[in-house]
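Thank you all for making the time this morning. I would like to go through this structure with you slowly, and please stop me wherever something is unclear.

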Amino acid sequence: MTKCLDPVILNLWHPIGAIAEAVPGAVQDTVLLEERLSFALNADGEPVVWRSHPDVQGPARVPAADRLPARSTYGYVWTSLGSPPAELFLIPEYEEPDRRKLNAATFGVNVSAPRAIENFLDMGHFPYVHTDILGVEPHTEVKEYDVEISVDRDEILATRCRFFQPMASTASDGGADVDYVYRVPHPYCSVLYKSSPVDEARRDVIAVFLQPVDQEHVRAHMLLCVLDEDNEDKVIKRFQQTIFGQDKPILENQVPKRLPLDPRAETPIRADKSAIAYRRWLSQKGITYGVIPVAA
Amino acid sequence: MLEEARSRWHPIAAAHDLQFRHVFHGQLLGREFAVWRADDGYVNIWENRCLHRGVRLSIGINDGRELKCQYHGWRYSNRTAGCTYIPAHPADAPARTITNRTFPAVERYGLVWSSEEPRGELPDVIGLAEGKLLALRGIPVNAPADKVVERLKAYRFQPNGAIDGEGAEILIDAAQDFAVALRSRDGDAQTHGVFFVQPVDSNRSVIRGVLDQDAEGAARIDILRHHNERLSKLRDQVEREAANVPSPAPIEPVYERVSAELAEMPGMTTHGRKAALRVTVARKWQTADGIAGFELRPIKGILPTFQPGAHIDVHMPNGEIRQYSITNGPGETDSFVIGVKLERDSKGGSKCMHETVREGDVLAISEPRNNFPLRRDSTKTLFVAGGIGITPLLAMAQALKNQDLTHELHYFAQGEEHLAFADRLKYLGDALKPHLGLSPDQTGAELRQIVADYRNGMHLYICGPGPMLEAARKIATEQGWPDTAVHFEYFKNTNKIDDSSSFEVALARSCVTLQVPAGKTIMQVMRESGIDVPSSCEQGACGTCVATVIEGEPDHQDVYLNDAERKAGTKIMTCVSRAKSARLVLDI
């Protein structure tokens with residue numbers, strides 16, 4: 001497979017690891033867009049990222065030429081193989097002091113990043129893949145919702161999403177419709193807002209940041225930014241890991257692994273409005289990495 | 001060679017790989033298949049991806065009649081591979097053309113055969129007679145097919161009758177691009193073996209051996225083990241050789257694009273009153289007092305996919321056209337079964353079916369149309385059938401039974417002898433609740449009890465004679481059922497049609513304005529102007545000719561729309577309904 005030649009993807013910020021799981025000074029190796037990279041936190045706790053090289057054993061002695069842009073945002077180390085924008089997309093809720101912020105998991109998945117994003121945006125699979133947790137038969141209907149591509153913010157926004165959940169919260173004994181809002185502010189990242197069981201006026205935030213290892217493999221980093229003062233970290237994490245563990249075998253059995261952008265490659269239904277918008281948005285951006293572009 | 005291989009038949013599985021309710025993952029020349037046997041024995045070989053989002057159907061669920069995708073629960077029918085249900089939109093009938101790609105399947109010599117673009121029939125294999133063969137375990141090999149075939153020419157094995165011996169004499173009976181036929185002789189013992197090589201991909205193959213003699217018990221195990229060991233050794237040799245040369249690039253399967261129409265959003269299909277299909281009456285029998293059952297089989301090819309609630313138009317020898325609901329359960333796609341009640345005042349429809357049509361006759365029928373779709377997201381579904389109104393509800397109840405969804409079928413009839421399709425009713429078990437010999441008043445009281453406990457999420461489907469249907473709808477409304485939860489289908493429209501008005505109809509998409517005079521229907525006027533309008537019953541009962549009203553006030557004279565839909569004024573049946581306003585604008 002050739003290395004990434006897609007300028008849009010090269011110039012983006014990409015996540016490569018959770019800060020909470022990095023030991024200061026220890027070097028971690030990873031792969032981004034088929035390039036082998038190393039990163040570590042320096043003495044100040046700032047991330048340093050470089051192209052892996054057998055002679056370079058730590059962050060202190062990285063030649064300037066091998067250094068890559070680096071930032072620490074939303075609890076992850078981000079880097080870029082091109083010229084990234086000054087800012088990463090905003091998640092204002094991350095700054096709210098009463099929220100619990102966790103890396104729920106980092107999962108390797110044998111699928112392209114865009115297929116994983118579509119799965120994250122999809123509600124129709126809840127009763128079948130997340131049976132008795134996020135959905136249950138016969139409550140299978142995906143009700144009408146709204147999707148827009150926000151031009152000024154350059155992101156996709158799906159609102160008025162509702163889905164019936166058998167255990168809407170630990171506090172409820174019956175099922176109820178749960179409200180969702182989905183954002184896709186980055187071709188390989190998505191953020192969802194879901195009714196909080198604790199506070200009616202606020203929403204829990206769950207984000208998935210995909211690290212493209214290559215066109216058909218990702219590492220999925222799951223950020224939780226939730227209102228929950230009772231449960232232990234491991235309980236909250238286990239819940240998300242269960243959900244993700246159910247999605248993984250489905251994602252790995254999608255063919256082709258890269259997302260086809262030709263509208264006639266697959267059969268959309270009304271429930272797929274957000275996915276249709278996402279595919280169009282990727283096409284408009286001219287993205288070629290991790291997708292099968294529309295034949296010219 | 002691999003290009004030419006596409007037009008040949010290859011084994012893709014052993015018959016014993018297709019276990020009860022299993023889905024087997026097969027592959028040929030880089031293309032994956034989902035292979036499954038339905039409970040009626042039919043072997044389905046399909047492209048291994050759901051048309052919706054590309055998930056492999058080989059991880060789907062075979063319920064014996066349909067294959068269900070794991071991702072979103074889309075259901076595909078046995079034989080036709082047509083999608084019968086999309087759970088995300090339970091109130092819609094899926095567009096009929098959502099059909100998965102199928103490949104031919106032939107079961108012979110203990111193997112399942114297929115081909116991407118077969119030229120001709122599966123050829124006979126000399127030396128293999130059907131019936132007493134032994135299919136060996138398939139041996140996968142990471143090497144191109146031609147390398148495997150080359151090695152197989154030197155394959156040595158003992159005949160079944162001297163399996164523990166050594167030094168059998170081997171003759172090559174025949175060798176082709178994808179098969180080697182060998183004869184092993186040791187004293188009096190002799191076994192003929194044909195070793196087919198399935199080209200899985202450019203660098204992967206499966207050896208599928210078939211011996212001309214079967215064996216029982218321990219002897220059989222010994223034979224299987226003998227070949228397993230020797231073929232595994234052969235595999236190791238071929239793989240070692242293949243590892244020394246660069247492996248060819250994997251074959252990239254080309255997936256067919258879906259039709260442009262489906263790529264947009266599934267809409268209703270439009271057909272005029274056409275009878276595109278020819279069927280023969282395979283069986284005609286009396287299924288109940290006054291009710292004849294007809295089993296209609298296609299003359300050639302397979303029938304299109306139907307959904308529960310669908311009906312067909314039957315064009316009769318006397319020129320009449322009538323609608324009959326399909327009573328089949330899910331996946332029962334080799335024939336359509338309909339029930340016809342002899343009407344006392346028959347104008348020639350049911351009379352013709354009962355008296356003239358015989359087994360072996362050819363009938364013209366339309367494709368199935370579904371204007372009475374079944375939701376499957378209901379917490380509990382109640383079916384209320386009166387007399388011959390059982391037919392669409394029977395298909396629906398069988399679908400819910402197959403999916404283990406809660407339902408009751410209340411069947412009102414004059415007596416036991418009037419209950420039709422006993423075999424299908426039996427399949428429903430306790431869900432069937434017959435109500436026999438009741439007067440209209442008693443029927444009303446019974447209905448009141450049946451629909452007494454409405455809860456949000458329940459749905460009611462009613463089909464039966466007009467007066468009973470009216471009563472049931474009225475009672476349901478009184479008991480708090482909203483219009484959206486009550487679904488019904490009339491046999492016919494008994495309203496007296498008032499066609500005295502005259503008005504103007506503007507067709508927004510066709511950019512024409514037409515005058516509808518008294519005595520003519522909107523549909524007739526549109527057809528006279530060359531506009532193709534789908535229709536079926538043409539009396540305001542079936543819903544096929546529905547059009548969307550953009551502007552103007554309809555004068556509803558049909559029995560298809562419910563009260564809420566009538567009030568909304570956004571739909572009109574163009575075969576009978578008219579306009580109260582001087583002008584109607586339709587989205588046609």
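B:Asp222 is partly exposed, with a relative accessible area of 33%, and the side chain of B:Asp222 meets that of B:Arg225 in a salt bridge of 4.0 Å, taken from N to O. B:Arg225 is likewise partly exposed, at a relative accessible area of 47%. Because the two residues are three apart in helix H3 of chain B, which covers residues 217-243, about one helical turn separates them. Elsewhere, salt bridges with shared partners join A:Arg115, A:Glu118, A:Glu266, A:Asp272, A:Arg279, B:Arg49 and B:Arg53 into one network. I should say at this point that we are looking at a predicted model, and that over all chains the count of salt bridges comes to 63.

Let me turn to pairs that link distant parts of a chain. In chain A, the side chains of A:Arg270 and A:Glu144 form a salt bridge of 3.0 Å, N to O. These two residues are 126 apart, with A:Arg270 in the loop between strand E15 (259-260) and H5, and A:Glu144 in the loop between H3 and strand E9 (146-150). A:Arg270 counts as partly exposed at 33% relative accessibility, and A:Glu144 is partly exposed at 41%.

In chain B, there is a salt bridge between B:Asp17 and B:Arg208, whose closest N and O atoms are 3.9 Å apart. Here 191 residues separate the partners, B:Asp17 being in the loop between strand E1 (10-14) and strand E2 (23-28), while B:Arg208 belongs to strand E17, residues 204-211. Is B:Arg208 buried or exposed? At 6% relative accessibility B:Arg208 counts as buried, since the cut-off for that word is under 20%.

Another charged residue to look at is B:Glu295, in strand E19 of chain B, residues 291-298, which is buried with a relative accessible area of 13%. Its side chain makes a polar contact of 3.0 Å with that of B:Arg297, and a polar contact of 3.1 Å joins B:Glu295 to the side chain of B:Ser335. Leaving aside neighbours within four places in sequence, the residues in contact with B:Glu295 include B:Thr280, B:Trp285, B:Phe336 and B:Val337.

Now to the contact between the chains, which takes 34 residues from chain A and 39 residues from chain B. Together the two chains bury about 3,300 Å², and 52% of that is on carbon and sulfur atoms. Seven salt bridges are found across this interface, and one salt bridge joins A:Asp262 to B:Arg257, with the closest N and O atoms 2.9 Å apart. On the side of chain A that touches chain B, the elements giving two or more residues are helix H2 (113-121), helix H3 (126-129) and helix H5 (273-285). That side divides into 14 nonpolar, eight polar and twelve charged residues.

Finally, the interior. In soluble globular proteins, nonpolar side chains tend to be buried together. The largest nonpolar core here has 86 residues, of which A:Met123, A:Tyr180, A:Tyr182, A:Leu210 and A:Tyr278 touch the most other members. Beyond four places in sequence, A:Leu210 is in contact with residues including A:Pro15, A:Ile117, A:Tyr188 and A:Val218. Apart from this core lies another, of 40 residues, among them B:Val35, B:Val149, B:Ala242 and B:Ile251.

Terms used
Residues numbered from 1 in each chain as written. Chains lettered and ligands numbered in written order. Predicted model: local features only at pLDDT ≥ 70, side-chain atom pairs only at ≥ 80, totals over all residues. Heavy atoms only, no water. Contact = heavy atoms within 4.5 Å. Buried area = accessible area lost by both parts, 1.4 Å probe. Helix = DSSP H or I, 4+ residues; strand = E, 2+ residues; numbered from the N terminus. Nonpolar A, V, L, I, M, F, W, Y, C, P; charged D, E, K, R; others polar. Core = buried A, V, L, I, M, F, W, Y, C linked by side-chain atoms within 4.5 Å. Buried < 20%, exposed > 50% of the residue type's maximum accessible area, 1.4 Å probe, protein only. Polar contact = N/O pair within 3.5 Å; in protein donor to acceptor, adjacent residues only side chain to side chain.
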